[in-house]
Amino acid sequence: MATRRIGIIVNGATGRMGYRQHLVRSLLAIQEQGGVEIAGGDRLLPDLLLVGRNEEKLRGVAEKHGLTAWTTDVDEALANPDYEVYFDALVTNLRVANLKKAIAAGKAIYTEKPTAETFEDALELAKLAKEAGVVNGVVHDKLYLPGLLKLRRLIDSGFFGEILSVRGEFGYWVYEGDWQSAQRPSWNYRSEDGGGIVADMFPHWNYVIEELFGRIEDVYAQTATHIGRRWDEQGEQYTATADDAAYGVFRLEGGTVVQMNSSWDVRVHRDELVEFQVDGTRGSAVVGLHGARVQPREATPKPVWNPDVKDPHDYRGDWIEVPDNAGPDGFDNGFKVQWEDFLAHYAEGREYPFDFLSGARGVRLAEAGLTSSAEGRRISLDPLTEV
Ligand SMILES: NC(=O)c1ccc[n+]([C@@H]2O[C@H](COP(=O)([O-])OP(=O)(O)OC[C@H]3O[C@@H](n4cnc5c(N)ncnc54)[C@H](O)[C@@H]3O)[C@@H](O)[C@H]2O)c1
């Protein structure tokens, strides 16, 4: 079997996501393992061209990993026919302009979410990509995480019976940046720079809910900017203009109700930074990024409400851990698995399901969430399966 080179432009290679998850944990890891196996047995070996705005930082990253191809000029990179795939992990508000250029250059495109800041732009991207006939994909990493893969298995096995409700809790304390530096970039807290937890997290909730539980028919959300003053990377105080918490209720086709709390202003009293509790007629599960526990109907206790006596029952002890059952090496990094999936689809000429249209539905959910909060009303969402 042959090994085929595949040229990939990595734009935003020095950013938090671009560097750690996409370059180091995915693309370099794929190189190290000798590429991605595709149908027929050939292997695709990524050959990378890094793009970034800061020459010094970019050179540093390239040298650290023994990479020689890099440029600060994205147009030059896109004009290079040796690189057929364009990947974008730039700050959100630069995405549309760069993706449009990549479409015009005829590249296959894989991009971080959200694909755009507005639904209108996201939909236009989906249309342009379709018209140009370029393969396109959007990061849907949560679906490839061990906890959600276990949840997928539970759903497919029929474990839940009818799924009644899902309650999700996402969040952790993001430092304000004054006496301890913030662990997220400051643009996340400025709406004028593409920030906000709704824009960041609702695109994730959209594909997670769609893929696992069904189409979202409507959304009601309450957003908040709980912390109005933060300190940036230079230690300068700034006004946080973007929402840093969102409390959303999503009604699905078929009747399931999903409630998601997303917040950068909560302290964690959970096993993981995100957890979903799924309650069905025949059983329930609590899943995180990695773990999953279940409680079938047959092993469900029968609590009786009595606030006068301290309840000695260990409710957490009733739950059963779901094993990995994932082979000797366990589950692989979710970002890497999705890269492999995207590259295989592209090389085999198959349509990629998590495309710009799916990305646009995610952006639409974020936009609808913000509108719902601003106007205090529930927003309906039509099926959006074609551009
Ligand atoms: N899939 C996920 O779980 C996940 C998690 C976090 C962020 N993201 C997404 O990834 C993207 C990047 O987020 P991040 O946290 O890595 O941000 P970051 O600020 O660390 O990185 C942003 C990148 O954009 C580049 N950039 C910024 N301004 C620029 C300019 N004017 N010109 C050229 N380049 C510029 C930076 O150099 C950097 O490479 C965002 O769109 C975000 O929504 C996805």
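Two strands are taken to pair if DSSP finds at least two bridges between them, and by that criterion β12 and β13 are joined by seven bridges and run antiparallel. The model described here is predicted. Its open sheet of nine strands has mixed pairing, helices α6 and α7 pack on that sheet, and a ligand is surrounded by 19 residues. The points below take up the sheet, the helices that touch it, a set of helix-to-helix contacts, the ligand shell and the annotated domains.

**The sheet and its strand pairs**

- The nine strands follow the order β17-β16-β15-β14-β8-β13-β12-β9-β18, and the edges are formed by β17 (320-321) and β18 (379-380), each of which pairs on one side only.
- Strand β9, spanning residues 216-224, pairs with strand β12, spanning residues 245-252, in the antiparallel sense and over eight bridges.
- Within this pair, tyrosine 220 stands opposite valine 249 of β12, while isoleucine 216 has leucine 252 of β12 as its bridge partner.
- On the pairing of β12 with β13, tyrosine 247 stands opposite asparagine 261 in β13, and the hairpin of these two strands has four residues between them, with glycine 254 taking a positive phi near 100 degrees.

**Helices packed on the sheet**

- Helix α6 (residues 146-157) packs on the sheet by touching β14 (274-280), β15 (283-287) and β16 (292-296), and the direction of α6 makes about 165 degrees with that of β15.
- Helix α7 (residues 197-212) also packs on the sheet, where the strands touched are β8 (163-171), β9, β12 and β13 (257-263), and the direction of α7 makes about 25 degrees with that of β12.

**Helix α5 and its two partners**

- The axes of helix α5 (residues 119-132) and helix α9 (residues 356-375) come within 8 Å and cross at roughly 175 degrees; angles over 145 degrees count as roughly antiparallel, and α5 and α9 are therefore roughly antiparallel to each other.
- On the α5 side this contact is made by Phe119, Ala122, Leu123, Leu125, Ala126 and Ala129, and on the α9 side by Phe356, Leu357, Gly359, Ala360, Val363, Arg364 and Glu367; by class, the contact residues divide into ten nonpolar, one polar and two charged.
- Helix α4 (residues 95-104) packs with α5 at an angle of about 10 degrees, with the axes 10 Å apart; angles under 35 degrees count as roughly parallel, and α4 and α5 are therefore roughly parallel to each other.
- In the contact between α4 and α5, Val96, Leu99, Lys100 and Ile103 of α4 meet Asp121, Leu125, Leu128, Ala129 and Ala132 of α5, a set that divides into seven nonpolar, no polar and two charged residues.
- Leu125 and Ala129 of α5 appear both in the contact with α9 and in the contact with α4.

**The shell around the ligand**

- Of the 19 residues around the ligand, those that come nearest are Gly15, Arg16, Met17, Arg53 and Thr92.
- Helix α1 (residues 16-32) gives the most to this shell, with three residues, and the shell as a whole has seven nonpolar, six polar and six charged residues.

**Annotated domains**

- An unreviewed UniProt entry annotates residues 50-138 as "domain: Gfo/Idh/MocA-like oxidoreductase N-terminal"; in the model this span is 44% helix and 17% strand, and its end C-alpha atoms lie 19 Å apart.
- The UniProt annotation "domain: GFO/IDH/MocA-like oxidoreductase", likewise from an unreviewed entry, covers residues 149-285, over which the chain is 18% helix and 36% strand, with the end C-alpha atoms 13 Å apart.

Key
Residues are numbered from 1 along each chain as its sequence is written. This is a predicted model: local features need pLDDT of at least 70, side-chain atom pairs count only at pLDDT 80 or more; totals for chains, interfaces and linings use all residues. Two residues are in contact if their C-beta atoms, placed from the backbone, lie within 7 Å. Axes are lines fitted to C-alpha atoms, for helices over the stretch in contact, and angles run from 0 to 180 degrees between N-to-C directions. A residue is near a molecule or strand if its C-beta atom, placed from the backbone, lies within 6 Å of it. Ala, Val, Leu, Ile, Met, Phe, Trp, Tyr, Cys and Pro count as nonpolar, Asp, Glu, Lys and Arg as charged, and the others, Gly among them, as polar. UniProt positions are given in the numbering used here, feature names are shortened, and annotations may be inferred rather than shown by experiment. Angles under 35 degrees count as roughly parallel, over 145 as roughly antiparallel, 65 to 115 as roughly perpendicular and the rest as oblique.
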